[in-house]
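Here are my comments on the model you sent round, set out as numbered points. Please read them with the sequence and the coordinates open beside you.

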Amino acid sequence: MPIVAQSTETTDWVSRFADEVIEESERRAPGKPVVVASGLSPSGPIHLGNLREVMTPHLVADEIRRRGYQVRHLISWDDYDRYRKVPAGVPGVDETWAEHIGKPLTSVPAPKGSPYPNWAEHFKAAMVESLAELGVEFDGISQTEQYTSGVYREQILHAMRHRGDIDAILAQYRTKKAPAKKQQQKPVDEAELEAAEGSGAAAEDDGSSGSAGYFPYKPYCGNCEKDLTAVTSYDDDSTELTYSCTSCGFSETVRLNEFNRGKLVWKVDWPMRWAYEGVIFEPSGVDHSSPGSSFQVGGQIVGIFGGKQPIGPMYAFVGISGMAKMSSSKGGVPTPADALQIMEPQLLRWLYARRRPNQSFKVAFDQEIQRLYDEWDRLEAKVADGTALPADVAAHSRAVRTASGELPRTPRPLPYRTLASVADITAGHEDQALRILSDLDPANPLASLDEARPRYDKAEAWINTHVPADQRTIVRDEPDTELLKSLDEQGRESLRLLLDGLADNWSLDGLTHLVYGVPKVQAGFSADATPKELPPEIKTSQRSFFALLYQLLVSRDTGPRLPTLLLAVGQERVRHLLGA
């Protein structure tokens, strides 16, 4: 029996939508599983904007499951959509793929070297793998299978019988299109990823045609397989349909009650599916929600199929920071797989859970990822000690677990920026990485690198794929004798104070205290003096001291946090490079 009590986490957007969806489902289909839906087109790399199309209903569905209800989260793979263009930057694809434009995505060859049978399956596979890592449960529906097996035959015939009604609804909007605005092209790392792109929005095809009248159905050509066809006649009684292809000139007459090689146009297809599947909740991107767009028009057309429009919040764009540095993305836009290469699933889930659907946010691939991880770790600490706000507790809960249980976690989640620094300095030498990470807390040393995984692997992947070569850390082999000789007495004394304290402070906390303390001691204060007890110029002295150490160790003015860098270099080598 469903647990009818509402979630105690009533302060977050997910719970509020769950309340609405449960109430609406009980009104429309009492006793039946609650149905939420997403639509994805595997027309190319499925990017992080598209992921919002899935994560929004997933989070709502998962909250409903937590309350004891049965839920179906449908992901409709729009793999029977037409192939519109050859996406740039996809390995194994060249200009010859242009000859397939107009065919169903499942009839287009996969990129060269792909193990998958067609274009759609190739791009679908990466998304399925990412959704599994993110803990997203769903029922996948291939629209190729639905259409070619005749599942929608009655709905197609019904649409053709009511084509005049559909045409009248669409006619209300055909003259209301706003003039297209010229948009300045943005670099990918500044651009927002449109979440609805590829789920039918690109077409916005309403099926209007010429002298033969309006038809909401478009056949794929029996000769060239393309959808560059026009219905020239149709008889409702016999379901006899004649079409011609403007691409190859082929024409034929078929019986639509036996014909399975075509589909309803997008603005009719989407509301038909709402009715067929009994969808209660399906969000849509900003383009779908504008006047005359498919979600608005679909709300009227769905009644022709005996259904109702789902609860459908509009969701905002997902931005990207640091995309220009990416070397792992395929096709020019970052995918969930790209994000999961450098961040744990919990962090990515949290980014989508903590913002309301109508709020935009950015996924970081640059240095900002370190700040995001710091924020996440602070939230984890607040949740653990009971000081987090209720909405933050809810977002955290949705990030770390689903109704099915906890997502796999890193046993010892060391700071991401520390792990990234260690991975940078050690350049793939795991024994060295373990040595350094064990020295972080000598009282509780890391026994195995596996204790820091997968977070360590994510940080290492970020260093290797998103940090430019000129920003990588390379430790000097020999001392900078010229710089050491040029130091004044204050500079030499600062190095002596540091070297004298190394052995007794060889831990992350100890070295932090030591490197910040040297300029304090030199100025006549205690190493334990707090900022309130110190004059402002101490900060200037600390910055100068840090710059000197970076120059002597890595020949740069900046680098990884000094305590981590010192641990990484090791005591003996530090003494050598600092001229002990």
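1. A definition comes before the rest: a cavity here is a set of grid points where a 1.4 Å probe fits but cannot get out, and its lining residues are those with an atom within 4 Å of a point. Please also keep in mind throughout that this is a predicted model.

2. With that in hand, a search of the whole structure finds five cavities of 30 Å³ or more, and the second largest of them has a volume of about 50 Å³. The lining of this second largest cavity consists of Gln146, Tyr147, Gly150, Val151, Tyr152, Arg153, Ile156, Leu256, Phe259 and Asn260. Helix H4 (143-148) and helix H5 (153-161) each contribute at least two residues to that lining.

3. As for the chain in general, its secondary structure amounts to 21 helices and 15 strands, and 52% of its 580 residues count as buried. Among the contacts in the chain with a separation of 6 or more, 72% are made by residues 24 or more positions apart.

4. Which residues touch the most other members of the largest nonpolar core? In this core of 104 residues they are Met343, Leu348 and Val363. Once its neighbours within four places in sequence are set aside, Met343 is in contact with Leu348, Leu351, Val363, Ala364, Ile369, Tyr373 and Lys458. Another core, of 30 residues, lies apart from the largest one and includes Tyr214, Tyr234, Val265 and Val297.

5. Strands E6, E7 and E8 form an open sheet in the order E6-E7-E8, with antiparallel pairing. Strand E6 (229-234) and strand E8 (251-255) each have a single partner strand and stand at the edges, so one side of each is left without a neighbour in the sheet. On average, and with direction ignored, neighbouring strands of this sheet are turned by 25 degrees against each other. Between E6 and strand E7 (residues 240-245) the antiparallel pairing extends over five bridges, and Ala230 stands opposite Ser244 in E7.

6. A parallel pairing is also worth inspecting: strand E1 (residues 34-40) and strand E2 run parallel and are joined by seven bridges, with Ile75 in E2 as the bridge partner of Ser38. Is strand E2 mostly covered or mostly uncovered? Strand E2 (residues 71-77) is mostly covered, since six of its seven residues are buried, where buried stands for under 20% relative accessible area.

Methods: Residues numbered from 1 in each chain as written. Predicted model: local features only at pLDDT ≥ 70, side-chain atom pairs only at ≥ 80, totals over all residues. Heavy atoms only, no water. Core = buried A, V, L, I, M, F, W, Y, C linked by side-chain atoms within 4.5 Å. Buried < 20%, exposed > 50% of the residue type's maximum accessible area, 1.4 Å probe, protein only. Contact = heavy atoms within 4.5 Å. Pairing = 2+ DSSP bridges. Helix = DSSP H or I, 4+ residues; strand = E, 2+ residues; numbered from the N terminus. Axes fitted to C-alpha atoms, helices over the stretch in contact; angles between N-to-C directions. 1 Å grid on protein atoms, 1.4 Å probe; cavity = no way out; pocket = protein on both sides within 12 Å on 5 of 7 lines; lining within 4 Å. Points joined across faces, edges and corners; volume = space filled by probe spheres on them.
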